2 protein chains.
Amino acid sequence: MSENNPDSPPTPHAATSPSPPTEKKIPKAVIKRLSLYSRVLQNLEIMDREKVSSRELAARLGLNSAQVRKDLAYFGQFGVPGLGYYVSDLRQNIKRILGTDRAIRLALVGVGNLGTALLSYAGFARQGFHIAVAFDCDRRKIGSTKGNVRIYDAADLARIVRQEEIDIGILAVPADHAQAVCESLIGAGINAILNFVPAHLSVPDSVHVHYVDLSIEIESLSYYLR
Amino acid sequence: MSENNPDSPPTPHAATSPSPPTEKKIPKAVIKRLSLYSRVLQNLEIMDREKVSSRELAARLGLNSAQVRKDLAYFGQFGVPGLGYYVSDLRQNIKRILGTDRAIRLALVGVGNLGTALLSYAGFARQGFHIAVAFDCDRRKIGSTKGNVRIYDAADLARIVRQEEIDIGILAVPADHAQAVCESLIGAGINAILNFVPAHLSVPDSVHVHYVDLSIEIESLSYYLR
DNA sequence: CAGAAACCGTGAGGAAATTCACAATGTCGT
DNA sequence: ACGACATTGTGAATTTCCTCACGGTTTCTG
Ligand SMILES: NC(=O)c1ccc[n+]([C@@H]2O[C@H](COP(=O)([O-])OP(=O)(O)OC[C@H]3O[C@@H](n4cnc5c(N)ncnc54)[C@H](O)[C@@H]3O)[C@@H](O)[C@H]2O)c1
Ligand SMILES: NC(=O)c1ccc[n+]([C@@H]2O[C@H](COP(=O)([O-])OP(=O)(O)OC[C@H]3O[C@@H](n4cnc5c(N)ncnc54)[C@H](O)[C@@H]3O)[C@@H](O)[C@H]2O)c1
């Protein structure tokens, strides 16, 4: 998904075509929940729980149990009627589906306040995410390391991103550089970006961007203050 | 919204009742977009643009122009046919609707890696958000200040939150303290929480929680890597 | 081993959100 | 003053997502 051109002539990008040879269409919301299930299962595993029901899984996440079952059923039959799901088994399956059964390699661009916090976040490693490299354009930062991650010159981004086989880019630069950096990342073959910058990114349909926008979250919370 | 009890007897909490005396029901997604519009309008204002069409607004956010118009129409008639919307006027209206026409007072709980980055983030002030106080339970941090914000003992949370007339709480503590801190905040009268902790919070229906969950974002991006 | 209990998978129905499409309304140039 | 044009506001159609409800399967109990 990217731009919607509702008014102008329909672009002949294959992306908006009726239904590609894909099997079934899986809602984006389902994927996000898979990830939530995965984490709950990880906790259950630590608690040495062998089995879990859709009901319990749902309760631990504030969801409806039918939704849990339906979400999982998109990908196969993992449950045992009368019993529930086997924790480890289900977790492994979900990890495989999400592609997190191997380490995910990340590149961080912009090592400022936020970038630094991300570099020293232990939670990522716990989930199998590895920030392999970081980039900045500030001379004083280039060449140094933070949280065991080497900081490279943003000018060398394309080369290093390819070399290091990066999967996902993290954007944490000032707003007025976001689009340009985004394009560098795409140019380097990246097609998944996590964007912390409060700016809309224009990207081809093949590239996935997830936005994390704190101001939006706070502002919209403000609306609900009675 | 909080727990869904799909299986057990319907709880007689007034929250799930058919339709309270509310006027029209405004989708949550609309509120989030209002906030996006507000920011784009702020940029347009800086560029000295007087007017803007729903089409342009949509293009700048990757949305459909009909959606922009419909969103705004929930709250009144702000546009002028054949012309568009007056930038400053619309912006002021949206800020009024969101309640951001006055400063929003925030309390941060947990001044670790992430909390520190948040304290030194200039972007908040720009949007009219003010982190008024911070809390931690680490002796070495209590009493000091970071980014001009005083750090208090978490034990005094209730008293200070009331005293300082805090609107929204920000949760950035370790996962195993999240639910307890959340309850302290609610006990102190808070009913809007921004939660960075990767854990589900159980709260009464009257309390709004927005989740910011980085691992989920990365994990779900991973799914889309081809 | 029979009957009860637990729980999954899923079709049908519903609710929510988005997009379409167009009549209505205004602007602007001449 | 008027016709050409731009753009809004909104019912209707569409799409996306969620919940209900139940048949069917497995386990458990006595
Ligand atoms: N700090 C926060 O808590 C926070 C919260 C929400 C959003 N954000 C957003 O995240 C982004 C970064 O915030 P921050 O507080 O870390 O800012 P910052 O100014 O501390 O850091 C930005 C870093 O990006 C580097 N940089 C600038 N241009 C670059 C380029 N072209 N290529 C590579 N690196 C470049 C700078 O040298 C700097 O180190 C901003 O867009 C901000 O709005 C930050
Ligand atoms: N650092 C990141 O980039 C990042 C990213 C995503 C999510 N998170 C989440 O945010 C939370 C904080 O992360 P962090 O990296 O800042 O951790 P951290 O350990 O650096 O900081 C946690 C802080 O909370 C304080 N604390 C602990 N219990 C408390 C209590 N009961 N009341 C008040 N303060 C208390 C600790 O003293 C510490 O200062 C974690 O749940 C983490 O999973 C962090």
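Which of the 27 residues around DNA strand D come nearest? In this predicted model, the answer draws on both protein chains: K25(A) is one of them, and S54(B), R69(B), G82(B) and Y85(B) complete the group. Much of what the protein meets here is backbone of the nucleic acid, since sugar and phosphate account for 66% of the atoms of DNA strand D that come within 4 Å of the protein.

A few individual contacts help to give a feel for this surface. On the chain A side, an N or O atom in the side chain of N64(A) sits 3.1 Å from a phosphate oxygen of DNA strand D. A phosphate oxygen of the strand is also reached from chain B, where a backbone N or O atom of G79(B) lies at 3.0 Å. The bases are not left out: the side chain of R69(B) places an N or O atom 2.8 Å from a base nitrogen of DNA strand D.

Turning to the elements behind these contacts, at least two residues each of the surface near DNA strand D are supplied by α3 (65-73) of chain A and, in chain B, by α3 (65-73), β2 (79-80) and β3 (84-86). The largest share, 4 residues, comes from α3(A). Sorted by class, this surface has 11 nonpolar, 10 polar and 6 charged residues.

DNA strand C can be read in the same order. It is surrounded by 27 residues, and the closest are S54(A), R69(A), G82(A) and Y85(A), along with R33(B). Sugar or phosphate makes up 70% of the atoms of DNA strand C within 4 Å of the protein, and bases make up the rest. Three contacts illustrate the parts of the strand that are reached. Y85(A) has a polar side-chain atom 2.7 Å from a phosphate oxygen, the side chain of Q67(B) has an N or O atom 3.0 Å from a sugar or linking oxygen, and R69(B) has a polar side-chain atom 3.3 Å from a base nitrogen of DNA strand C. The elements giving two or more residues to this surface are α3, β2 (79-80) and β3 (84-86) of chain A, together with α3 of chain B. Here the largest share, 4 residues, comes from α3(B). The surface near DNA strand C has 12 nonpolar, 9 polar and 6 charged residues. R69(B) is worth finding in the structure, as its side chain contacts a base nitrogen of DNA strand D and a base nitrogen of DNA strand C.

The two protein chains also meet each other. Their contact takes 65 residues from chain A and 65 residues from chain B, and the area buried between them is about 5,900 Å², with carbon and sulfur atoms giving 62% of it. Between the chains there are 14 residue pairs in polar contact and 4 salt bridges. One salt bridge joins the side chains of R39(A) and D213(B), at 2.7 Å from N to O. On the side of chain B that touches chain A, elements supplying at least two residues include α1 (28-46), α4 (87-98), β10 (208-211) and α9 (214-223). The most, 10 residues, is given by α9(B). That side of chain B divides into 33 nonpolar, 19 polar and 13 charged residues.

Finally, the domain assignment of chain A gives domain 1 (28-97) and domain 2 (104-220). The centres of these two domains of chain A, taken over C-alpha atoms, are separated by 30 Å.

Note on methods
Residues are numbered from 1 along each chain as its sequence is written. Chains are lettered from A and ligands numbered from 1 in the order in which they are written. This is a predicted model: local features need pLDDT of at least 70, side-chain atom pairs count only at pLDDT 80 or more; totals for chains, interfaces and linings use all residues. Side-chain values use heavy atoms; hydrogens and water are left out. A residue is near a molecule or strand if one of its heavy atoms lies within 4 Å of it. A polar contact is a pair of N or O atoms within 3.5 Å; within protein, one must be able to donate a hydrogen and the other to accept it, and residues adjacent in sequence count only if both atoms are side-chain atoms. Ala, Val, Leu, Ile, Met, Phe, Trp, Tyr, Cys and Pro count as nonpolar, Asp, Glu, Lys and Arg as charged, and the others, Gly among them, as polar. Contact means heavy atoms within 4.5 Å. Buried area is the accessible area (1.4 Å probe) that two parts lose on being put together, summed over both. Domain bounds come from an automatic or database domain assignment.
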